[in-house]
Amino acid sequence: MKRDITMAARQGLLLCDGGIGTQLMALGLPAGEAPEKWNLEYPDRVAHVHQTYIAAGARVLTTNTFGGSPYKLKSAKIDADPGLINRRAAEIACQVAGENAWVAGSIGPTGAMLMMGDLSEEAMYEGFLLQAQNLLLGGADCVIVETMSDLQEALVAVRAAKQAGDKPLLASMTFTAGQRGYRTMMGVDIPTAVRELTAAGADVLGCNCGSGIDDAIHIIRELRTLTSLPLLAEPNAGLPQYVDGQTLFRESPEIMAAKIPALLAAGAQLIGGCCGTTPAHIAAFAEQVKGLPPC
Ligand SMILES: [Zn+2]
C-alpha cells in the first residue's frame with residue numbers, strides 16, 4: 001500500500017517527472033496538436049514517456065491530462081469523451097507506476113478567462129469536477145492543479161478536485177519576476193496565493209513552468225517563509241526561446257542539476273521539471289540527490 005504523498009513529502013525528498021508534451025512531440029506528436037488525444041490513440045507511447053521517467057528515477061508521475069478539462073479539449077477540437085480521456089490517462093500512468101511511484105492527476109488551465117466571461121464559474125467547476133473524478137477513477141493517488149496564473153481559476157480547480165475525492169491536492173502556480181516581485185501573469189503575488197490556496201484545502205503548494213531553476217529557487221525561498229506545507233518545484237529548462245521556428249530550452253541537465261542542492265536548501269520537497277525538461281534532466285537530478293535519505 002502506497003503512503004499518502006503529503007506524508008511522504010514531509011519525511012523526505014520526492015523526485016517528480018519532467019515535461020510530458022515535449023517528450024510526446026519527440027515521439028511524433030505534431031506541434032500544436034493536443035497531447036491528450038494520445039491517451040486514446042497511442043496509449044503505448046504515453047506509457048513509454050512515463051517509463052522513461054521511472055527509469056530516470058522519478059517517484060511521482062504526472063498524467064497526460066494537463067489540457068484535459070472539457071473546455072480546453074473542446075477548444076482543441078477533440079470530440080472524444082473528456083471523462084474517458086482523463087480516466088485512460090490515469091490508468092496508463094498507474095500501470096507504469098505500480099506500487100513504486102505515485103500518480104498525480106494533472107489539471108491545467110482551461111484557457112478561458114473568467115473575468116472576460118468566456119465561461120461561467122459554475123461551468124468551469126463542473127468541468128474540473130468531471131476531470132478530477134475521472135483521474136481518481138483511473139487510479140490517480142493525488143491531483144495536481146498546475147501552471148495556474150488566475151487565482152480564481154486555481155481555486156475553482158482546487159475546490160472541484162477536493163469535492164471529487166478525499167485525496168491529497170497539490171496546487172502550483174506560475175510566477176515570474178517583475179518590478180513588484182514574483183507574480184503570476186494575472187498579477188497574483190505569492191502571499192495571496194499561499195493564503196487562498198491553503199484556505200481552499202491544498203496539501204502541497206508550489207511553482208511550476210515559467211522560467212528556469214534560478215527563479216524557482218527564489219520563489220520556493222519566499223514560499224517557505226509563508227507556509228509549513230510541503231513545497232513542489234517544477235521549473236522549465238529555462239525560458240523557451242524561438243529559433244528558426246523551433247522552441248528551444250537552454251538549461252541542460254547539468255546546469256539544472258548543479259542547482260538542485262540550492263533548491264532543496266530553499267525548502268522544496270517535491271522536485272521535478274516542466275517544459276523542456278527530459279528524462280536526462282530527471283536522471284541528473286537523481287544523481288545529485290543520491291546521498292539523501294530515501295523516503
Ligand atoms: Zn511548463
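These are my notebook entries on the folds and helix packing of a predicted model.

**Overall build**

I started with the element count: the protein has 13 helices and twelve strands. Next I looked up the extent of the C-alpha trace, which spans about 50 × 45 × 40 Å along the principal axes. Then I checked the radius of gyration. The protein has 17 Å, and a compact globule with 295 residues would have one near 19 Å, so the two agree.

**The sheet**

I traced the strand order next. An open sheet of eight strands reads β1-β12-β9-β8-β5-β4-β3-β2, and the pairing is parallel. Which strands sit at the edges? They are β1 (14–15) and β2 (60–62), each of which pairs on one side only. A reminder to myself: strands of a sheet pair through backbone hydrogen bonds, either parallel or antiparallel.

I then went to the β2 end. There β2 pairs with β3 (residues 102–107) in the parallel sense, over three bridges. I wanted one concrete pair to click on, and found that Leu61 has Val103 in β3 as its bridge partner.

**Helices across the sheet**

I looked at what lies on these strands. Helix α7 lies across β3 and β4 (142–148) and runs at about 165° to β3. Helix α8 (residues 151–164) lies across β3, β4 and β5 (169–173), running at about 170° to β4.

**α6 against α7**

Back to α7, this time for its helix neighbour. The axes of α6 (residues 82–97) and α7 (residues 121–137) come within 7 Å and cross at roughly 35°. I noted the crossing as right-handed. On the α6 side I listed Pro82, Gly83, Asn86, Arg87 and Ala90; they meet Leu130, Gln131, Asn134, Leu135 and Leu137 of α7. Sorting the residues of this contact by class gave me five nonpolar, four polar and one charged.

**α4 against α13**

The other helix pair I looked up is α4 (residues 43–56) with α13 (residues 279–288). Their axes come within 8 Å and cross at roughly 20°. Why do I call α4 and α13 roughly parallel to each other? Angles under 35 degrees count as roughly parallel, and theirs is roughly 20°, so the label follows. This crossing is right-handed.

For the contact itself, I found Thr52, Tyr53, Ala55 and Ala56 in α4 meeting Pro279, Ile282, Ala283 and Ala286 in α13. By class, that makes seven nonpolar residues, one polar and no charged ones.

Terms used: Residues are numbered from 1 along each chain as its sequence is written. This is a predicted model: local features need pLDDT of at least 70, side-chain atom pairs count only at pLDDT 80 or more; totals for chains, interfaces and linings use all residues. Axes are lines fitted to C-alpha atoms, for helices over the stretch in contact, and angles run from 0 to 180 degrees between N-to-C directions. Helices (H or I, at least four residues) and strands (E, at least two) are DSSP runs, numbered from the N terminus. A crossing is left-handed if the near helix is turned anticlockwise from the far one by less than a right angle, and right-handed if clockwise. Two residues are in contact if their C-beta atoms, placed from the backbone, lie within 7 Å. Ala, Val, Leu, Ile, Met, Phe, Trp, Tyr, Cys and Pro count as nonpolar, Asp, Glu, Lys and Arg as charged, and the others, Gly among them, as polar. Angles under 35 degrees count as roughly parallel, over 145 as roughly antiparallel, 65 to 115 as roughly perpendicular and the rest as oblique. Two strands pair if DSSP finds at least two bridges between them. The radius of gyration is taken over C-alpha atoms; the globule rule is 2.2 Å times the number of residues to the power 0.38.
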